[in-house]
Amino acid sequence: MWRWYAAISVHMDRAFRGKGNILMFFLYLVLAIVSLRMCKGFSLGKERLTRLVASQILAFLLQGALLYSVLSLMVGHIGKLGEIGTECLILVGATIVEYLILDIIFVNIYVRIFPPYRMLEVRGEYENDLVRKMESRVDKYNIVAEVSATTPWEKLEEMFYEYDAILVNDVPLELERQIIKFGYSHSKRVYFTPKISDILVKGSEEINFFDSPLFLNRNRGISAGQRIVKRAFDIIVSLLALIILSPLLIIIALLIKIEDHGPVFYRQERVTFRGRYFMILKFRSMIVDAEKDGRSIPAGEEDPRITKVGKFIRATRIDELPQLINILKGEMSVVGPRPERTEHMEKYAKIVPEFDYRLKVKGGLTGYAQVYGKYNTTAIDKLKMDLLYITNYSFALDMQIIFETVKILFRKESTEGFSNEQAKQIQEMEIKDHEG
C-alpha cells in the first residue's frame with residue numbers, strides 16, 4: 001500500500017480517494033493470489049526451497065505484468081508509462097526479496113514442526129529406482145525398512161503399525177487395494193505407484209441418477225470444443241513466438257552453419273495424434289551423419305558427436321524452437337505428450353501395449369512428462385504422466401504446464417541425458433533389434 005501511495009498513484013491524472021485506494025489494494029491482492037496459484041507459489045513444504053522461490057519469482061513477474069497492463073489503461077498520458085513500468089519493477093523486486101526472506105524462515109520452521117515420515121516400503125518384483133528418487137527428499141521421506149510383497153498379510157499388518165506411512169511399490173493389484181483399505185481404516189498414509197488403469201479412471205464423471213454410485217469414464221480424450229480452443233491458442237502462440245524470437249533463430253542458424261558448414265535443421269520422423277507421421281524440426285546439435293546407419297543412438301553425458309553450438313542449444317533447449325513451425329502447421333501442439341520416433345513407438349508398444357494411448361492428443365513442444373520427468377525417464381513413467389495429462393485435460397492445465405516449463409529451464413536435471421553406461425546398454429539393444 002505504501003508503494004501505491006508514494007510512487008504509483010501520483011502518476012494518475014486524478015488521485016484515488018479512500019475507497020479507490022482500497023480497491024487497488026484488493027486488485028493487487030487478487031492478482032498475487034491468482035499468479036501464485038497458477039505458478040504453484042503456495043507449495044510451502046511440498047517443493048524444495050529453490051523450486052518454491054522460482055515459482056514465486058515467476059508468479060510475481062506475471063503479477064507485475066498484469067498490474068502494469070491495468071495501470072497503463074488507467075494512466076492519462078503515454079509519457080508516464082515508462083515511469084509506471086519502473087515502479088512496477090521496483091514493486092515486484094521488493095516483493096520477491098520479501099518472500100525470499102519469509103520462505104527461508106518458514107521452510108525451516110516447517111521442517112522442524114513436520115519431520116519426515118518413517119516409512120515402510122512394500123516392494124513388488126519389478127525393479128525400479130523409486131526409493132532412490134524419494135530418498136533425495138530427506139526433508140519429507142525417511143524409508144527405514146522394506147518388506148517383500150510375498151510376505152503373509154498377518155505379518156505385513158503387524159509391521160504397518162510400527163511406521164508413520166506405507167510405500168506400496170508396484171505390488172499386485174489385490175494386495176495394493178488391501179493395503180489402501182488398511183491405511184484408510186487406521187488413518188495411516190499410503191503412497192503407491194498408480195497402475196495405468198488407476199490413471200484412466202482418475203477423470204471419471206460421477207452419475208447421480210440412482211441410489212447406487214455410478215461413474216462414467218468417457219475415454220474420448222479431449223472434446224471437440226477443447227480442441228478448437230487449443231488449436232486457436234497454438235496458432236496465436238507459435239506465430240507470436242516466431243516473430244518475437246526471429247532474431248535469435250537467425251543468429252543460431254548462422255552459428256550452426258559457420259561451425260561445420262552442415263545443414264541448419266535436423267528432420268526426423270515422429271508419431272503424433274491418431275498415429276499420424278510427420279517430420280519434426282530441430283536445430284542440428286550433432287555432427288552431420290551422427291546416426292549413419294539409421295539407428296537411434298542415445299546421447300551420453302560426454303557425447304563427442306555433440307557440436308560446440310549444440311552443447312549450448314541443448315542445455316538451453318533452443319534446439320527445440322524450430323518446432324514452432326510444426327505447431328503453426330498443425331502437426332504439433334504447444335502442450336502435449338512428446339512425439340516419439342517411429343521405431344521407439346513400435347519398441348515401447350511391444351513392452352507396454354498401452355503406449356499407444358498417448359496418441360489421443362497431438363504431440364507437444366512441452367508436456368506433463370517434460371515438466372515433471374527427465375530426458376531419461378523410463379517409457380512406462382512417461383506414459384503414466386502423459387495419461388495424467390490426457391485424462392485430466394483443461395486449458396488451465398496447459399497454462400500451468402507452460403509456467404512450469406519456464407521454471408525447469410533452470411534445472412540441470414531436466415535436461416539430464418543418459419549416462420555413458422546407459423547409452424551403451426541402449427545402443428547394444430538397438431544393434432540386437434536391428435540385426436533381427
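**Exercise 1. Determine how the axes of helix H3 (residues 49–74) and helix H16 (residues 395–408) are placed relative to each other in this predicted model.**

*Solution.* Step one takes the distance: the two axes come within 10 Å. Step two takes the angle, and here the axes of H3 and H16 cross at roughly 120°. Step three classifies that angle: values from 65 to 115 degrees count as roughly perpendicular and values over 145 as roughly antiparallel, so the remaining class, oblique, applies. Helix H3 is therefore oblique to H16. Step four adds the hand of the crossing, which is right-handed.

**Exercise 2. State which residues of H3 and H16 meet, and of what kind they are.**

*Solution.* From H3, the participants are Arg-51, Ala-54, Ser-55, Leu-58 and Leu-62. Their counterparts in H16 are Phe-403, Glu-404, Val-406 and Lys-407. Sorted by kind, the residues of this contact comprise five nonpolar, one polar and three charged.

**Exercise 3. Describe the open sheet and identify the strands at its edges.**

*Solution.* Begin with the order: four strands are arranged as S2-S1-S3-S4, with parallel pairing. Strands S2 (141–148) and S4 (189–192) each have a single partner strand, so one side of each lacks a neighbour in the sheet. Next comes the twist: on average, neighbouring strands are turned by 25° against each other, direction ignored.

Now consider one pair in detail. Strand S3 (residues 165–169) pairs with S4 in the parallel sense over four bridges. Within these strands, Ile-166 stands opposite Val-190 in S4.

Finally, add the helix: H7 (residues 173–185) packs on the sheet and touches S1 (117–123), S3 and S4. The direction of H7 makes about 155° with that of S4.

Technical notes
Residues are numbered from 1 along each chain as its sequence is written. This is a predicted model: local features need pLDDT of at least 70, side-chain atom pairs count only at pLDDT 80 or more; totals for chains, interfaces and linings use all residues. Side-chain values use heavy atoms; hydrogens and water are left out. Two strands pair if DSSP finds at least two bridges between them. Helices (H or I, at least four residues) and strands (E, at least two) are DSSP runs, numbered from the N terminus. Axes are lines fitted to C-alpha atoms, for helices over the stretch in contact, and angles run from 0 to 180 degrees between N-to-C directions. Contact means heavy atoms within 4.5 Å. Angles under 35 degrees count as roughly parallel, over 145 as roughly antiparallel, 65 to 115 as roughly perpendicular and the rest as oblique. A crossing is left-handed if the near helix is turned anticlockwise from the far one by less than a right angle, and right-handed if clockwise. Ala, Val, Leu, Ile, Met, Phe, Trp, Tyr, Cys and Pro count as nonpolar, Asp, Glu, Lys and Arg as charged, and the others, Gly among them, as polar.
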